[in-house]
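Me: I'm new to this structure, so please pick one strand and take me through it slowly. Tell me what sits on either side of it, and finish with a quick stop somewhere else.

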Amino acid sequence: MLRNLILRAQKKRLLVRPRVIVCVPSGITEVEKRAVRDSALHAGSREVYLISEPVAAAIGADLPIDEACGNMVMDIGGGTSEIAVISLSHIVVHNSIRVGGDKIDTDIISYLRKKNNLHVGLQTAEKIKMAIGSAYPLKQELSMDVRGRDIVSGYPVTIKITSEEIREAISETVTAMIDAIKRLFERTAPELSADIAERGIFLTGGGALLKGLDEKIRKTVDLPVHVVPDPLECVVKGAGKVLDDLDRYRQVLIKRIED
Ligand SMILES: Nc1ncnc2c1ncn2[C@@H]1O[C@H](COP(=O)(O)OP(=O)(O)OP(=O)(O)O)[C@@H](O)[C@H]1O
Ligand SMILES: [Mg+2]
């Protein structure tokens, strides 16, 4: 897969083995780091650099991570949500939970099965999430017709589902995400916490697009919360910026243990 992606990325310069940057979760182990690096080398790269996803996201979102202030970034992906406090180009504390957008999809499936005797697949669940899913009451609540299979009769049926129902379905997962923020604050030095209280928490990753998630976090932890522009793309944008200007960003790269 990596070889294919590398080929696609360098259509014109086939003879030059490229430099590659790989974004990895902040909790990655040394063994995993080596595995990632070896895979990228085998796939045809000349040099491989690793960077933590939250750091790449922060750079992609233009946060001043090289300054002495604290920046809190929460990256909500499919399988995991990661929160990190970054200061002076380094992650000071981080927390990672194995809950993200995919868990919200399965929450919706279980809820519809239990409450409506309706069986829907993952793709439908994701569509429902994007269309009417929300973490906080909406100004105008939404509804949609959902097609699925009636669990009792086995026949296809269409049922109207509301945003209130979906909010209830996913509330536990949303709470788990917010708890992870609270736990990270317990481990953050007071000076950095004060910076974050002033500047706010920055949400990135596809999960940041869930309607009302920023509002829900704002109301629960009583701090400013911002969704970065282009949350789905800011990790890759940040990685690109680092690769374009390695001298400036060398500090933020994950150091090799062999060095
Ligand atoms: N508009 C939206 N509303 C709610 N969720 C969304 C929206 N758009 C995308 N998502 C969800 O965002 C998740 C994907 O986000 P992202 O691309 O950041 O994850 P990833 O980086 O691939 O995953 P990971 O970081 O866990 O490896 C999916 O669960 C997807 O359903
Ligand atoms: Mg991600």
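Reply: Two strands count as a pair if DSSP finds at least two bridges between them. Strands themselves are DSSP runs (E, at least two residues), helices are runs of H or I with at least four, and both are numbered from the N terminus. This is a predicted model, where local features need pLDDT of at least 70 and side-chain atom pairs count only at pLDDT 80 or more, while totals for chains, interfaces and linings use all residues. Residues are numbered from 1 along each chain as its sequence is written, with chains lettered from A and ligands numbered from 1 in the order in which they are written.

Let's go with β4, which covers residues 81-87. On one side it has β3, residues 71-76, and six bridges join the two strands. They run antiparallel, and for a spot to look at, find Met72, which stands opposite Val85 of β4. To get from β3 to β4, the chain makes a hairpin that passes through four residues.

Now follow β4 onwards to β5, residues 90-97. Here seven bridges hold the pairing, and β4 and β5 run antiparallel. Ser81 is a handy marker, with Ile97 in β5 as its bridge partner. β4 and β5 also form a hairpin, this one with two residues between the strands. One residue in that turn is Leu88, and it has a positive phi of about 50 degrees.

So how many of the residues in β4 are buried? Seven of its seven are, which makes the strand mostly covered. (Buried means 20 or more other C-beta atoms, placed from the backbone, within 10 Å of a residue's own; 12 or fewer means exposed, and in between is partly exposed.) Both faces are covered: Ser81, Ile83, Val85 and Ser87 are buried on one side, and Glu82, Ala84 and Ile86 are buried on the other. Val85, the residue opposite Met72, belongs to that four-residue side together with Ser81.

For the quick stop, try ligand 1, which has 17 residues around it (C-beta atom, placed from the backbone, within 6 Å). Gly77, Gly101, Gly205, Gly206 and Leu209 come nearest. The elements giving two or more residues to this shell are α4 and α5, and α5 gives the most, with three.
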